[in-house]
2 protein chains.
Amino acid sequence: MAEQAKNIKVPEPTIRRLPAYCRVLKAFQQQGMEWVSATDIAQELDLKPIQVRKDMSLTGAEGRPKRGFLLNELLEILLQFLHWDENQRAVLVGAGALGTALLGYSGFAMNRLEIVSVFDSNPEVVGSSIYNRTIEAVSDMEDSLTKNPLPVGIITVPAAAAQEVADRLVALGVRAIWNFAPIKLKLPEGIIVEQEDLSSGFALLTVKLHS
Amino acid sequence: MAEQAKNIKVPEPTIRRLPAYCRVLKAFQQQGMEWVSATDIAQELDLKPIQVRKDMSLTGAEGRPKRGFLLNELLEILLQFLHWDENQRAVLVGAGALGTALLGYSGFAMNRLEIVSVFDSNPEVVGSSIYNRTIEAVSDMEDSLTKNPLPVGIITVPAAAAQEVADRLVALGVRAIWNFAPIKLKLPEGIIVEQEDLSSGFALLTVKLHS
């Protein structure tokens with residue numbers, strides 16, 4: 001079922017909600033729950049049960065009448081759908097405040113994001129350690145990533161430096177870039193770019209606050 | 001027109017895209033452009049022109065046949081729609097790496113977010129200054145915000161401390177909370193909560209990378 005569902009185009013808002021579903025399911029699991037309903041999940045997240053049900057069916061998960069979903073099975077399907085059942089090895093460039101925040105972010109506990117290498121251009125930071133990773137010099141990036149290629153790149157450098165960093169990462173074999181710099185990257189076709197715009201959440205907040 | 005459009009429920013993905021539109025329009029404005037088409041904007045952001053046109057019409061903006069949008073007018077409509085034509089005075093609690101990153105985030109240039117007060121519980125940080133704001137002690141929050149109430153609260157404390165901070169902020173008159181802690185807050189009806197989940201962007205990335 002999960003395999004079949006992947007061929008359907010799943011809407012972005014659904015995918016955005018899946019990590020929260022996984023988090024809620026994990027918490028239920030720790031409480032010893034065996035079965036879970038869309039209503040249980042919806043309540044935890046202030047969503048409508050119909051929304052949760054729709055999202056679940058888009059991932060290929062199937063509930064059973066009157067019982068809901070088998071919790072462990074559902075969590076497994078969601079994690080598989082997200083490819084969070086396998087390690088996502090990544091390089092992070094830019095060990096400033098935002099990079100440091102990502103390295104320490106507890107919300108990533110579910111996603112198997114494994115930030116293997118961290119680079120920064122600031123000589124005062126290079127060689128020091130943040131959350132058990134030693135910061136390498138950006139000038140050593142070619143050397144380091146040629147020896148140890150990584151598929152995912154996370155960019156947390158200032159906007160002015162982001163395009164150059166992205167180009168170098170792509171040249172070094174990175175196939176997906178998670179870009180936190182507020183600039184649109186221009187990259188070759190076939191490279192996945194996920195543009196993180198912290199202003200988007202604030203836009204939702206201000207629109208809701210004034211509506 | 002803009003007033004009218006506000007009564008229609010504008011979908012979340014549209015609102016999420018508006019900050020990027022504003023950024024692109026600002027850049028075009030600085031290049032001296034007077035008219036702009038949906039295609040111009042779409043190209044900058046790797047979107048389809050039809051998507052941009054649809055989003056614009058949802059905000060109440062009206063293009064003119066063959067000429068597109070009057071740039072200054074369009075930017076004004078979008079900023080008005082987002083309520084980014086007025087200052088959004090906010091308090092930030094948690095001056096760790098994530099809080100510091102938000103205080104220095106250049107992507108907020110457009111949104112008139114004015115972080116007036118910053119609180120932290122770490123005595124080593126209290127009294128120091130980050131991006132020209134002096135960090136106050138969380139224990140002084142009641143005192144400080146009673147004298148100087150703020151409508152928006154940004155929470156960048158660890159998950160375990162977030163609910164208590166949120167309760168205190170709400171008691172002090174905060175009406176909208178932007179929560180970066182990976183925990184669902186339980187708050188009274190009528191309080192706006194925008195839950196920022198940094199895992200959501202990563203979910204989009206991993207799904208795209210493996211599809």
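This talk walks through how two chains meet in a predicted model, then turns to aromatic pairs and salt bridges.

Ground rules first. This is a predicted model, where local features need pLDDT of at least 70, side-chain atom pairs count only at pLDDT 80 or more, and totals for chains, interfaces and linings use all residues. Residues are numbered from 1 along each chain as its sequence is written, chains are lettered from A and ligands numbered from 1 in the order in which they are written, and side-chain values use heavy atoms, with hydrogens and water left out.

Symmetry next. Two copies of a chain are related by a rotation about an axis and a shift along it. Here, chain A superposes on chain B by a rotation of 180° with 0.0 Å of shift along the axis, at an RMSD of 0.0 Å. That is the relation of a two-fold axis. The fit is least squares on the C-alpha atoms of residues with pLDDT of at least 70 in both copies. Within chain A, A:Ala97 has the C-alpha nearest the axis, 2.4 Å from it.

Now the interface. How many residues of each chain are in contact with the other? It is 54 residues of chain A with 54 residues of chain B, contact meaning heavy atoms within 4.5 Å. Of the interface residues of chain A, 100% are also interface residues in chain B, so the copies meet through the same surface.

The two chains bury about 5,400 Å² between them, 67% of it on carbon and sulfur atoms. Buried area is the accessible area (1.4 Å probe) that two parts lose on being put together, summed over both. On the chain A side, A:Arg16, A:Leu198 and A:Phe202 lose the most area to chain B, together 13% of what that side buries.

Polar terms. There are 7 salt bridges between chain A and chain B. The rule is a side-chain nitrogen of Lys or Arg within 4 Å of a carboxyl oxygen of Asp or Glu. One salt bridge joins A:Asp197 and B:Arg23, at 2.7 Å, N to O.

Which element of chain A gives the most to the side that touches chain B? Helix 9 of chain A, with 12 residues. Helices (H or I, at least four residues) and strands (E, at least two) are DSSP runs, numbered from the N terminus.

Stay on helix 9 of chain A. A:Ser199 lies there. At a relative accessible area of 1%, A:Ser199 is buried. Buried means under 20% relative accessible area, exposed over 50%, partly exposed in between (1.4 Å probe, protein chains only). Beyond its neighbours within four places in sequence, A:Ser199 is in contact with residues of chain B, including B:Arg23, B:Trp84 and B:Phe108.

On to the rings. The structure holds 10 aromatic pairs over all chains. Rings of Phe, Tyr and Trp (its six-membered ring) pair if their centres lie within 6.5 Å; planes under 30 degrees apart count as stacked, over 60 as edge-to-face and the rest as tilted. A:Trp84 and B:Phe202 make a tilted pair, 6.1 Å centre to centre with 35° between the planes. A:Trp84 sits in the loop between helix 5 (71–82) and strand 3 (88–93) of chain A, and B:Phe202 in helix 9 (residues 198–209) of chain B, so this pair joins two chains. Both A:Trp84 and B:Phe202 are buried.

Swap the chains. A:Phe202 and B:Trp84 have ring centres 6.1 Å apart and planes at 35°, so that pair is tilted. A:Phe202 is buried at 0% relative accessibility. B:Trp84 is buried at 2%. There is also an aromatic cluster: A:Trp84, A:Tyr105, A:Phe108, A:Trp178, A:Phe180 and B:Phe202.

Last, salt bridges over all chains: 17 of them. A:Glu44 and B:Lys186 meet at 3.9 Å, N to O. A:Glu44 lies in helix 3 of chain A and B:Lys186 in the loop between strand 8 (176–179) and strand 9 (192–195) of chain B, so that pair joins two chains. A:Glu44 is partly exposed, at 30% relative accessibility. B:Lys186 is exposed, at 52%.

Then within one chain. B:Arg17 and B:Asp55 form a salt bridge, with closest N and O atoms 2.7 Å apart. B:Arg17 lies in helix 2 of chain B and B:Asp55 in helix 4 of chain B, so the pair ties together parts 38 residues apart in sequence. Both B:Arg17 and B:Asp55 are buried.
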